[in-house]
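Colleague: I'd like to learn how to read a fold feature by feature. Could you walk me through this one?

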Amino acid sequence: MHHPSPQTIPLTRRAALALVALAALVAPATARPSEDKLRVVVTLPDLADLARRIGGARVEVEALATPGQNLHAVRVKPSHLVALSRADVFVQVGLSLEHAWVPGLLESARNRKVAPGGAGFIDAGAGFPTIGVPATLDRAQGVDVHPEGNPHINLALDGGAYLAANILAGLARVAPQYADEFRANHAVWRAEFDAARARWGALAAAIGARHATVCVYHQEFDYLLRDLGLGLAAALEPKPGVPPTPAHLTRVIEALRAQEPVAIVTAAWSNGKSVARVAEATGAPALELPIMVGGPGMETWITAMTARVERLARAAGVDPTAVDAALPAPAPGKGAAPGKGPAPGKGPAPGSMQPARGQAAP
């Protein structure tokens, strides 16, 4: 499966007018549930989790994208326009991650509070130290060319903390009367993050010692691979956003046979025939990872990141429980580190390899 080029999905004026008309029909004729709560609209479920944790009882949060979607090709809906037209706060990752669908929505919503430059507009990823910044802007480099670098910072080990800090600043700006409450909520979340981050760091050290490599379909996991010390053997996309050709896949297969990667890392949207072909030809198992918060055991940014780290650890031959055993015991009364996986025997291992769609399970 390949996501369409951003040029194919802009919100044109005609489409915007149609959305406005539809939105008027589907908008519920009910009063605001609570005038004391801020209406917060975010692009990703990851941002929704962070906004809820920091905003607490003062916010009502709605995410536009759903788990499993390709973030470069989210289809706008009338309900999106309704939500944005009523929002007090809008949060995006930015860095051109949502550039194919958010600018048109914001323009059509005509809500000055959440338009770029408005008090309620939170560009949560602005200023993050990105990787993969192009030296020149040229479509010959691929369809998904991002001027500010790789925008998938929600998949970096430290990405959540960066996004959370900017959400805190934005909420405090919009509702300064609740700033102390927001800061207290953020402090609680930050303590949970710090505990989980220490564990991820220990797992990363063990993974890096293996000197393992993986193959990827798209570039969304680049930050995570870097943070865990995993090398990149090859990418199925010849260029970002460009679907692989049979000839390119043949070259990738030849390269992987020499390097023996531990997995072909893919997302739900890209786990298709190309992944299945390469997995079958090389013997490298397909490993589907979540690119957003959502699903059993991955309801928060911290638990979703833990699931990714543990799955990649197991793919590299690292047992997370063995690493946990070497970590300092938590202080009395504090329990296990937040984000720690289930105890042995409590269900399937979160690092279980998933066969590519169309590929038989081993």
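Modeller: Sure. Let's begin with burial in one helix: V102, G104, L105, L106, S108 and A109 of α4 are buried. Keep in mind that this is a predicted model.

Colleague: How many of the eight residues of helix α4 are buried?

Modeller: Six of the eight, so helix α4, residues 102-109, is mostly covered. Right after α4 comes R110, with a positive phi near 55°.

Colleague: Now the sheet. What should I look at there?

Modeller: Strands of a sheet pair through backbone hydrogen bonds, and the pairing is either parallel or antiparallel. Here four strands make an open sheet, ordered β2-β1-β3-β4, with parallel pairing.

Colleague: Which strands stand at the edges?

Modeller: β2 (59-63) and β4; each has a single partner strand, so one side of each lacks a neighbour in the sheet. From one strand to the next, the twist averages 20°.

Colleague: How many bridges join β3 to β4?

Modeller: Three, and the two strands run parallel. To find your place in β4, look for I122, which V91 stands opposite. Then look at what packs on the sheet: α5 touches β1 (38-42), β2, β3 and β4, and its direction makes about 165° with that of β4.

Colleague: And how do I read two packed helices?

Modeller: You describe them by the angle between their axes and the distance between the axes. Take α2 (residues 45-55) and α6 (residues 179-208): their axes come within 7 Å and cross at roughly 125°. The two helices are therefore oblique to each other.

Colleague: Which residues of α2 and α6 meet?

Modeller: On the α2 side, L50, R53, I54 and G55; on the α6 side, F182, N185, H186, V188, W189 and E192. Sorted by class, that contact has five nonpolar, three polar and two charged residues.

Colleague: W189 is aromatic, I notice. What else is in its cluster?

Modeller: W189 forms one aromatic cluster with F193, W200 and W301.

Colleague: How do I describe a single pair of rings?

Modeller: Use the distance of the centres and the angle of the planes. The structure holds nine aromatic pairs. One of them, F128 with Y162, is edge-to-face, at 5.2 Å centre to centre and 90° between the planes. F128 sits in the loop between β4 (121-123) and α5 (159-174) while Y162 is in α5, so the pair ties together parts 34 residues apart in sequence.

Colleague: Are those two rings' residues buried or partly exposed?

Modeller: One of each: F128 counts as buried at 10% relative accessibility, whereas Y162, at 26%, counts as partly exposed.

Terms used. Residues are numbered from 1 along each chain as its sequence is written. This is a predicted model: local features need pLDDT of at least 70, side-chain atom pairs count only at pLDDT 80 or more; totals for chains, interfaces and linings use all residues. Side-chain values use heavy atoms; hydrogens and water are left out. Axes are lines fitted to C-alpha atoms, for helices over the stretch in contact, and angles run from 0 to 180 degrees between N-to-C directions. Angles under 35 degrees count as roughly parallel, over 145 as roughly antiparallel, 65 to 115 as roughly perpendicular and the rest as oblique. Contact means heavy atoms within 4.5 Å. Ala, Val, Leu, Ile, Met, Phe, Trp, Tyr, Cys and Pro count as nonpolar, Asp, Glu, Lys and Arg as charged, and the others, Gly among them, as polar. Buried means under 20% relative accessible area, exposed over 50%, partly exposed in between (1.4 Å probe, protein chains only). Rings of Phe, Tyr and Trp (its six-membered ring) pair if their centres lie within 6.5 Å; planes under 30 degrees apart count as stacked, over 60 as edge-to-face and the rest as tilted. Two strands pair if DSSP finds at least two bridges between them.
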